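Below are some notes on this entry, in numbered points. Please read them with the coordinates open.

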Amino acid sequence: MKHLKNTLLVIFFMLLLVFATLSTWVYSQIDSALPQLEGKRTLYGLSTSATIERDQQGIATIKADNRLDLAIATGFIHAQERFFQMDLLRRNSAGELSSLFGEAAIAYDSDIRRHRFRERASAIVAQLAKADLALIKAYTRGVNQGLKYLKAAPFEYLLLRQEPVEWQEEDTILTVLSMYIDLQYQDGKRERTLGLLQSTLSPEVFAFLNPKGSRWDAAIDGSKFPSSPLPKAPWPSASSEDLARLLTHPQFTPSLINPIPSILTREKTLQSEEFPGSNNWAVGGAISSTGSAIVANDMHLGLRVPNIWFRASFEYKTANNSAVKVTGATLPGTPNMIIGSNEHIAWGFTNSYGDWSDIIVLETTPDKKQYLTPDGYQDFIKHKQIIAVKGQDAVNITVTDTIWGPVIGENAAGDLLAYRWIAHDNAAVNLAITGLETAKNVEQAFAIAASTGMPAQNLMVGDKQGNIGWTIMGPIPVRSKAFGETPTSWANGENQWLGLLPAVDYPKHINPKDARLWTANSRVVGGEMLNKIGNGGYAIGARSSQIKHNLNAKASFDEQALLNIALDDSAKFLLPWQAFMLSEVLTEEMLAKHSDWQEVKNIIDIDNLSASTDSVAYRLVRNFRLNIRDQVFEIFNENMTKLDAGYSFSTIRHQIETPLWQLVNQQPDNFLWRQHESWQALFAASLEKTLAQMTASTTLANATWGKQNISKVQHPLSRAVPFIGQWLDMPEVELPGDSYMPRVQGKSFGASQRMVVSPGHEENGIFHMPTSQSGHPWSPYYGVGHDSWVKGQAGNFLPGPSHYKLTLLSY
């Protein structure tokens, strides 16, 4: 027995030693992946020394004698702080995530590979302007040395049991192409959805569901478009054989049987209405406290740890020896300042939602081996793609191309569809945005905008002289005629792209009489300018109209006043729904049938409805509206999906608000796709569902908006690797704000930064962002600044005093 005890003790201490050794090694590897903050480091390629200073938040001031040296230093710090994030961005657009994450990413990679973005990125690099190519080469050199000089690979690779792959010049292009995927439709689903509705429904029903305007319109030129009238014929009224086949299909049913589209399932459980976009606005010098323009910007994206942006200040000299200082946010993976201020101009972006793509209905031979073009029938072009997969053999796929773009599927009639997308052009990406770093006024910024290759954005810019302006920044296709809202054939040559819009013809608006401009992903202009931009799925103008209202409510502004607009969580959008519930749902008759509804009426019968964390009223009205929408359109969505798997309600759900409001107010009897015996029964069922959801685990009085809108800002690996989330993720807190108001905030979605700055007065500027500068959990500034973003507290735009200094020496 004693011998056995001794043996067990030896085994125990050996296991303990192994565990301690392993833990020590893991600790040392993670610790060794921390970036170098101080001291000296020699870098190949520098013409002279450069410095990187960080303040206590890790905000970097990068100083160099010229722009190329600055690009090397920027690449170095990006790699040291954020290489894994950069790696995800390039792999995302290249369709190479499977090599990191294994089998789970194969389907996504296969879908993305049809765009062949790695080959396109290489082609773009090969034709870049000399200055752009030099900048990318310098940045790439800095990235790879930054990675090399980490004592161990970023900790994510240790968890994934992978080794990082060096940065290549085309990877910077892939980083921008990843933003195309995030900000535009890579699958054409919106146009496919509209095409299905147009081919299936009568013209009046299609026009009703696809309104040109709404009561929320808030274009900067004052243009208004009416909504469409209610259809007079019964719904559904067939305008094609598709619908007739659907109505006689054995699976057709007036009630919901099969699972509804995933976007609706997500909304029913999480009540989420995420819409990648942004807000920006500007006031001219005539009404600003500084005498210069003031520009505000908050870009809305999915939120993760670390944040997508990296704050920095650049100081360098131009070729003519002029000093440049520009501060703002950079995108790791690229060498540029994306938004910010250079003491002469300040600028920011919102997603434009113009029409930057077209779906082409191919006219094929019966065997679908050829397709018709203006030059006759042509063979499809086949491209073999090899997808490397972690832990298993590579997967071979073949993607099919046409002269216009890749084949992306079939429509309800069985026709093959091809996709023409501006992201496939060589002009999709360049580094012309670098010019904003040295622009002196709005007009110079406009000229740069029209030559820049990036996902087309609403550029809001103001200058030190007090001028403000809006234009589109990014390539704009020119069509042969008005088409593109729905899929069309290009076989006879009438429909085609004629190239890119010349700079002189770019839409723009400068110095309005009231010295105020704003955009928020809705339609910005009308008339000829709108014809050039098109409609790629605008947001309803609720945020725009609220920002416009707030700008008109004051005669003058300083930076804090503009930040207050960004933090506005008042629920203007839901006020009509609040009134509707009180007048049409919570009637005396209905209260007599549902005694518990009196509590609902007492809760929502308030002034100043807002998405504050303690508001039960907001959550009630908001979720009631979404449940009404789901009830009204659930059978419709189910059966549209049966016709075409490419149908996506999520791509049109914002424009649906206008017809939804008309339906619930006018309550037409000819709307046949309604499973309830009356509209009042539908309203009652929606409210009962809302109450059941809100009281599933608490009382109604305690079911506040904050209990539903709890932040979940996580590291990409925290859910995959047990027990590490508590060290990697940001704390879960109740958040105010929501989608249809300036303060856009969801669980893991919202303002990826907030900036307010007046060029020439940067010392009074405001900037904050979620998570922090660092991607490493042991960094001294990991998570520093996140709490200010949560609370909406004004943070300094400029970096604070230097706390760490790293000197980069040349060979």
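1. Trp281 has Trp518 of strand 22 standing opposite. The two strands involved, strand 4 and strand 22, pair in the antiparallel sense, with 4 bridges between them. The model is a predicted one, and the points that follow should be read accordingly.

2. Strand 4 (277-283) has a second partner in strand 5 (294-302). These two strands also run antiparallel, and 7 bridges join them. One of the pairs to check is Asn280, whose bridge partner in strand 5 is Asn297.

3. How many residues of strand 4 are buried? The count is 7 of the 7, so strand 4 is largely enclosed by the rest of the structure. Gly277, Asn279, Trp281 and Val283 point one way, while Ser278, Asn280 and Ala282 point the other way. Both sets are buried, as the criterion of under 20% relative accessible area is met by all of these residues.

4. Helix 15 (residues 542-552) can be taken together with these strands. Its buried residues are Ala542, Arg543, Ser544, Gln546, Ile547, Asn550 and Leu551. The cover over them includes strand 4, strand 5 and strand 22, and also helix 16 (559-566). Strand 4 thus appears both in the pairings with strand 5 and strand 22 and in the cover of helix 15.

5. A further point concerns a pair of helices. Two packed helices are described by the angle between their axes and the distance between the axes. For helix 17 (residues 575-585) and helix 19 (residues 597-604), the axes come within 10 Å and cross at roughly 145°. The crossing of helix 17 past helix 19 is left-handed. Helix 17 contributes Gln578, Met581, Leu582 and Val585 to the contact, and helix 19 contributes Trp597, Val600, Lys601 and Ile604. Sorted by class, the contact has 6 nonpolar residues, 1 polar and 1 charged.

6. The last point is about a loop glycine. Gly188 lies in the loop between helix 8 (169-183) and helix 9 (189-200). Is Gly188 buried or exposed? Its relative accessible area is 3%, so Gly188 counts as buried. Leaving aside residues up to four places away in sequence, Gly188 touches Ile359 and Tyr419. Gly188 and Arg420 are 232 residues apart in sequence, yet their C-alpha atoms are 9.2 Å apart in space.

Definitions and conventions
Residues are numbered from 1 along each chain as its sequence is written. This is a predicted model: local features need pLDDT of at least 70, side-chain atom pairs count only at pLDDT 80 or more; totals for chains, interfaces and linings use all residues. Side-chain values use heavy atoms; hydrogens and water are left out. Axes are lines fitted to C-alpha atoms, for helices over the stretch in contact, and angles run from 0 to 180 degrees between N-to-C directions. A crossing is left-handed if the near helix is turned anticlockwise from the far one by less than a right angle, and right-handed if clockwise. Contact means heavy atoms within 4.5 Å. Ala, Val, Leu, Ile, Met, Phe, Trp, Tyr, Cys and Pro count as nonpolar, Asp, Glu, Lys and Arg as charged, and the others, Gly among them, as polar. Buried means under 20% relative accessible area, exposed over 50%, partly exposed in between (1.4 Å probe, protein chains only). Two strands pair if DSSP finds at least two bridges between them.
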